[in-house]
Amino acid sequence: MWVASLLTSGAASFGRVLIVGLLPNAVTVVFVWLLLRAHSFAGSSDWSPLIPADLRTDIVQVLLALLVITLLTVLVQPFQVRMIRLLEGYWEGWWLTAQLAPVLVEYQTRKREALAARINRLEDELGRLESCPRAETLQEQRRRQRENSRMMSAQKRAMVKLERYPRKNWPGQAQIPLLPTALGNALRTGETSAGERYGLNTLSSWPRLYPLLSDKLATVQASARDSLDAAANFCINFFMVFVIAVVALADEPKAYWIPALALVLSCMSYVGAVAAAVTFTTYIRVAYDLHRFDLLKAMHHKLPVTASAEYDQFAQLSKFFRLESVDGPVDRLARRTFGNRRYEHPSE
């Protein structure tokens with residue numbers, strides 16, 4: 001039994017390493033290896049050396065490439081969160097991007113406002129279309145139906161895009177600032193709404209809620225996270241291929257399609273990362289919907305009876321998680337936060 005569990009766990013871990021680490025890093029390593037064999041950095045590329053001449057030499061080079069890919073994956077793995085945050089738009093430590101960030105934030109703000117205005121405009125047009133007198137001829141009725149279907153589809157697409165942006169503010173909270181990238185705003189939407197609907201701070205409560213998830217929900221949530229990480233890594237690696245190709249093939253106009261293709265694949269990977277982020281944040285909301293009371297049970301707090309009591313209790317718990325009630329030392333923090341609230345311990 002334990003051997004099967006070990007093998008299953010190992011297969012799942014290797015699958016994540018393969019999809020998230022090995023394959024994206026192989027794109028850059030293999031491309032650089034091909035450029036070196038073609039002598040692209042020394043002048044005009046000669047692609048004839050790519051044809052195998054000595055099988056033993058090629059095997060050694062392949063093994064060396066696999067070693068480099070594995071080593072690169074191991075070295076980059078600790079920076080996975082930092083790379084995601086880079087694509088999200090957390091650029092405070094970079095001078096150039098820090099100067100560019102306000103411009104992109106303004107662009108994202110106007111884009112959100114344009115989507116909201118488009119939804120309202122389509123809603124008004126649909127209302128006017130419904131209030132108009134019915135067409136007398138069958139042709140006019142079909143035209144009205146096609147126009148109504150077209151506007152409803154356009155409104156639905158705009159609403160889906162608008163849902164990728166965080167709400168302007170929640171009751172009792174300060175204004176939620178936008179990030180300069182679409183990926184950052186898609187993730188921030190979940191980070192500021194999943195637990196906040198019930199009074200919980202998502203960022204501080206999620207690490208405590210995650211171990212309590214059911215196996216099925218944890219599996220699909222981890223799959224969504226793997227998809228997000230893999231798409232982000234492919235985006236970064238394809239962009240690195242683009243930069244390397246521009247440097248290596250600058251004097252070969254016939255090969256300009258290579259960096260162009262790498263840039264297109266990088267953009268496609270980024271779009272895929274945004275889509276994966278939307279799925280990932282959806283599962284985070286589902287986790288709070290289904291397991292928020294498990295968090296109270298795990299902390300031996302009594303379950304609330306009403307929605308209002310639930311919100312107040314979770315807000316107090318979030319205050320404890322974020323240490324906002326600390327005016328001095330952190331000792332006896334629970335006593336100062338919860339007072340004489342009685343715990344509810346499970347019976348033996």
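Here is a short chat about a predicted model, covering a helix, its core, one serine and a surface patch.

The model is predicted, so local features need pLDDT of at least 70 and side-chain atom pairs count only at pLDDT 80 or more, while totals for chains, interfaces and linings use all residues. Residues are numbered from 1 along each chain as its sequence is written, and side-chain values use heavy atoms, with hydrogens and water left out.

Colleague: How many of the ten residues of helix α6 are buried?

Modeller: Helices here are DSSP runs (H or I, at least four residues), numbered from the N terminus, and α6 spans residues 182-191. Buried means under 20% relative accessible area, exposed over 50%, partly exposed in between (1.4 Å probe, protein chains only). Its cover includes α3, α4, α7, α8 and α9. The helix is largely enclosed by the rest of the structure, because the buried count is eight.

Colleague: Which helix gives the most to the largest nonpolar core?

Modeller: A nonpolar core is a set of buried Ala, Val, Leu, Ile, Met, Phe, Trp, Tyr and Cys residues joined through side-chain atoms within 4.5 Å. The largest one has 34 residues, and Leu183, Leu228, Tyr288 and Leu317 have the most contacts inside it. At least two residues come from each of α3, α6, α7, α8, α9 and α10. With ten residues, the top giver is α9.

Colleague: Is Ser204 buried or exposed?

Modeller: Ser204 sits in helix α7, residues 202-209. Not counting residues up to four places away in sequence, Ser204 touches Ser318, Phe321 and Arg322, where contact means heavy atoms within 4.5 Å. Its relative accessibility is 11%, so Ser204 counts as buried.

Colleague: And which side chain makes a polar contact with the side chain of Ser204?

Modeller: A polar contact is a pair of N or O atoms within 3.5 Å; within protein, one must be able to donate a hydrogen and the other to accept it, and residues adjacent in sequence count only if both atoms are side-chain atoms. For Ser204 the distance is 3.0 Å, and the partner is Asn201.

Colleague: What is the relative accessible area of Val243?

Modeller: Val243 lies in helix α8. Together with Leu36, Phe41, Phe239, Val247 and Leu263, Val243 forms a nonpolar patch on the surface; such patches join nonpolar side chains (Val, Leu, Ile, Met, Phe, Trp, Tyr) within 5 Å, like charges within 9 Å, using residues with over 30% relative accessible area and no salt bridge (a side-chain nitrogen of Lys or Arg within 4 Å of a carboxyl oxygen of Asp or Glu). Val243 is partly exposed, because its value is 37%.

Methods:
Accessible areas come from the Shrake-Rupley method with a 1.4 Å probe; for residues, only the protein chains shown count as cover.
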